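Q: I have just opened this one and would like a careful walk through it. Could you take my questions one at a time?
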Amino acid sequence: MNAVQPIANAASVTSAQRGGLGGLMMRLWPTVIAYSVVLATILLVAKLFTATDYVGPDNDDGMRLIEVRDFLAGQGWFDLMQYRLGLGSGTLMHWSRLIDLPIASLIWFFGLFAPHETAEALALAVWPVSLVLPAMLAMAVAGRRIGGIAGMHICLGMTGLAIYTGNRFAPGAIDHHNAQLALVATMVAMLLDPERRGWSYAVAGIAAAVAIAIGAETTPFVAAVCVTIALLWAWEGEKFAAAAKAFGLALAIAISILFVATVPPRLYSTVTCDNLSLGYYSLAAIGGGLLLFSAVFASRLRRPLRFAALGLVGAGVLGSAMVIAPQCLSDPLAGLDPMLVELWLRNVSEAQSAFVLLRTDPFSIGGFYAAGLFAIAVCIFRIVRRDRMQIHLVLLFLLITSWAIALVQVRGSTFSNLLSILPLALLIIDIRRISNSDSENVAAAFVYIVTVLASVPAAWALGGGLASLQMENGAQKQTAEKGLSCTSKAALAPLAGLPAGLVSAPSEMGVPILRFTQNRVLSAPYHRNQGGMLTELHIGLAEPQEAEAFLKGADVTVLGFCPGDLQTREIAKLKPDGLYAELGKGNIPPYLEPLPKAAGAGVQFFRYRPAAN
């Protein structure tokens, strides 16, 4: 009897422990932390072991590191000038110090006990992975609010898969897109609060303000969130008054604080459309303030009068936009020089439209757009059937907004794919319930499996890759990948032995040159540097004798020629007697002195020696 008792006790303890673990996985914070820790570990192990550099592959990751280095070296908080980029005194960048600050803080902290390069590598690994938690938390909250415990777990699983298969949260990805994704998820989660608590909408207002301050890419989505809340208030009136007040007040206060905290006082009256400036600040503050005013004084009016009040608010915001920032109502890149559009922008993959992608890489369309379109169709179907109408109406409006943005620029698909998780999670829950109720129904099980796969963008991308059979585009990509590098540290080594000067090279080489050397560069792929980019293009297009005038006028000291660069190849094809075409043929003008070429490098550097007068 005594011998049996401990075994029985052990069995009961084990059962209790299992029950305790199951109970923990039904609670929000323990579940989110568990998923996030597992995902962060997988990201670090999988990505770091295959990485060849501690900085992400995107040019923006490298440029962000350069800005952080300048900040740590003493460049002012309000001084966003990149002094080593472009013509004259440099190029004023449009990025926010709100992202620079945490990265710089991490580098400083790790630098207390590690060499500088190691400190940078650690910081660049920790920062993007640390954003996994807020992104997963927001999606878990949203899933739980609309689908209970099952919705929370499905959203966490699908979000984790989206984060892993993407590259926004991978070590080294220090651009602001990961933070923007977490903020978008936060806004949506707060809008789905079934109890319409004021604090949820205050959080949504703060997240909207921070998203605007970080980058202009999410401005249309933030506008859609504002319209959604305004329409909900006009429809529901007093029931929604507390939520509308909280959102309007939080948005107006937060955007005001961020404007003062991040915009240099000398630029308070300047309107720019690619970052937080007087334009977006005034519209957000005016819109938030008018929504607050309406919710305070018009919530008890009848519905038609509330919609009339909302119409006046909309007219006030639109009128303010037309007076203060009319240029921001159109494409921010509309003023880009046609030459840059032709030779640069149309080759930027993330800036391409769905229609261009359909022509150039049709097999990739599914991964970018199918899940979002599926989610839109599901929302419409639910609304027609009057199934949780308000949830699906809100998600439909936000999905259509983000999906339409993605049609214009493919990089917007990251946001539409994220939002698609929510209505598709509800669909998966319902189909799973039907399948489980009739376990012998093969058709129901098949529909469940197909629904799950169709809800995952990675499945569409994989299907597109298999369908393409690694044909034309895949072969081109492999060829490009096997080409000699023009941007590695080793390839840029010849610049190390020269006095720092101004380098003219293809725009894709600009950021690596800034990162690995102390030189200035004429060109890097940023639309605010139109002068420098155009000068580099004219140098490559001009006949050798004319090209010298451009080199001399810009005070160029070194020319970099990368025959494998896509833009360089297009320039040589466009102008067969231009400088780049002649260099490709081996015809070197007398004013260019070849420098020793690094072994295995694809770039040849030339020292510019002005002809004697």
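Q: To start with empty space, how many cavities of 30 Å³ or more does the structure hold?
A: This is a predicted model, and the structure holds one cavity of 30 Å³ or more. The space in the largest cavity comes to about 40 Å³.

Q: And which residues line the largest cavity?
A: The lining is made up of E67, D70, Q75, D79, L80, M81, Q82 and R97. Helix or strand, two elements each supply at least two residues of that lining, namely α3 (59-72) and β1 (81-82).

Q: What does the lining look like by class?
A: Four of the lining residues of the largest cavity are charged, while two are polar and two are nonpolar.

Q: Changing topic to the nonpolar cores, which residues of the largest one touch the most other members?
A: The largest nonpolar core has 120 residues, and the ones that touch the most other members are L124, M187, W233, L276, L398 and L422. The element that gives the most to this core is helix α6 (residues 132-165), which contributes 16 residues. There is also a second, separate core of 29 residues, and among its members are L343, A351, L522 and A547.

Q: Is there a general idea behind looking for such cores, and what is it?
A: In soluble globular proteins, nonpolar side chains tend to be buried together.

Q: Back to W233, then: what is it in contact with, leaving aside neighbours within four places in sequence?
A: With those neighbours left aside, W233 is in contact with F240, A241, A244, S294, A295, A298, S299, R306, A309 and L310.

Q: How many aromatic pairs turn up in the whole structure?
A: A search of the whole structure finds 13 aromatic pairs. One of them joins F368 and Y369, whose ring centres are 6.4 Å apart and whose planes stand at 65 degrees, so this pair is edge-to-face.

Q: Why does that angle make the pair edge-to-face?
A: Planes over 60 degrees apart count as edge-to-face, and the planes of F368 and Y369 are at 65 degrees, so the pair falls in that class.

Q: Are those two buried or exposed?
A: F368 is partly exposed, because its relative accessible area is 30%, whereas Y369 counts as buried at 4% relative accessibility.

Q: What about the pair of Y591 and Y608, how do the rings sit?
A: The ring centres of Y591 and Y608 are 5.9 Å apart and the planes are at 80 degrees, so this pair is edge-to-face. The pair links distant parts of the chain, 17 residues apart, with Y591 in the loop between α25 (579-584) and β6 (592-594) and Y608 in strand β7 (residues 604-608). Y591 is buried, with a relative accessible area of 6%, and Y608 is buried with 8%.

Q: Which residues do ring pairs link into a cluster?
A: F109, F110 and F113 are linked into a cluster by ring pairs.

Q: Since β7 came up, where is Q604, and what does it touch beyond four places in sequence?
A: Q604 is found in strand β7, and, not counting residues up to four places away in sequence, Q604 touches L559, G560, F561, P594, L595 and K597. Q604 is buried because its relative accessible area is 19%, and buried means under 20%. C486 is 118 residues from Q604 in sequence, yet their C-alpha atoms are 8.6 Å apart in space.

Q: Which residue is P57 paired with across the sequence, and how far apart are they in space?
A: P57 and A173 are 116 residues apart in sequence, with 7.9 Å between their C-alpha atoms. P57 sits in the loop between α2 (28-50) and α3, and P57 is exposed, with a relative accessible area of 82%.

Q: A173 makes me wonder about N178: what does N178 touch, not counting residues up to four places away?
A: N178 touches P128, L131, R168, F169 and A173 on that count. N178 is found in helix α7 (residues 177-191), and at 1% relative accessibility N178 counts as buried.

Q: Last one, about backbone angles: what is phi of R386, and what of R388?
A: Phi of R386 is near 55 degrees and phi of R388 is near 45 degrees, in each case a positive value in a residue other than glycine. R386 lies in the loop between α15 (365-384) and α16 (389-408), and R388 lies in the loop between α15 and α16 as well. R386 counts as exposed at 66% relative accessibility, while R388 is partly exposed, with a relative accessible area of 31%.

Key
Residues numbered from 1 in each chain as written. Predicted model: local features only at pLDDT ≥ 70, side-chain atom pairs only at ≥ 80, totals over all residues. Heavy atoms only, no water. 1 Å grid on protein atoms, 1.4 Å probe; cavity = no way out; pocket = protein on both sides within 12 Å on 5 of 7 lines; lining within 4 Å. Points joined across faces, edges and corners; volume = space filled by probe spheres on them. Nonpolar A, V, L, I, M, F, W, Y, C, P; charged D, E, K, R; others polar. Buried < 20%, exposed > 50% of the residue type's maximum accessible area, 1.4 Å probe, protein only. Contact = heavy atoms within 4.5 Å. Core = buried A, V, L, I, M, F, W, Y, C linked by side-chain atoms within 4.5 Å. Phe/Tyr/Trp six-rings, centres within 6.5 Å; stacked < 30°, edge-to-face > 60°.
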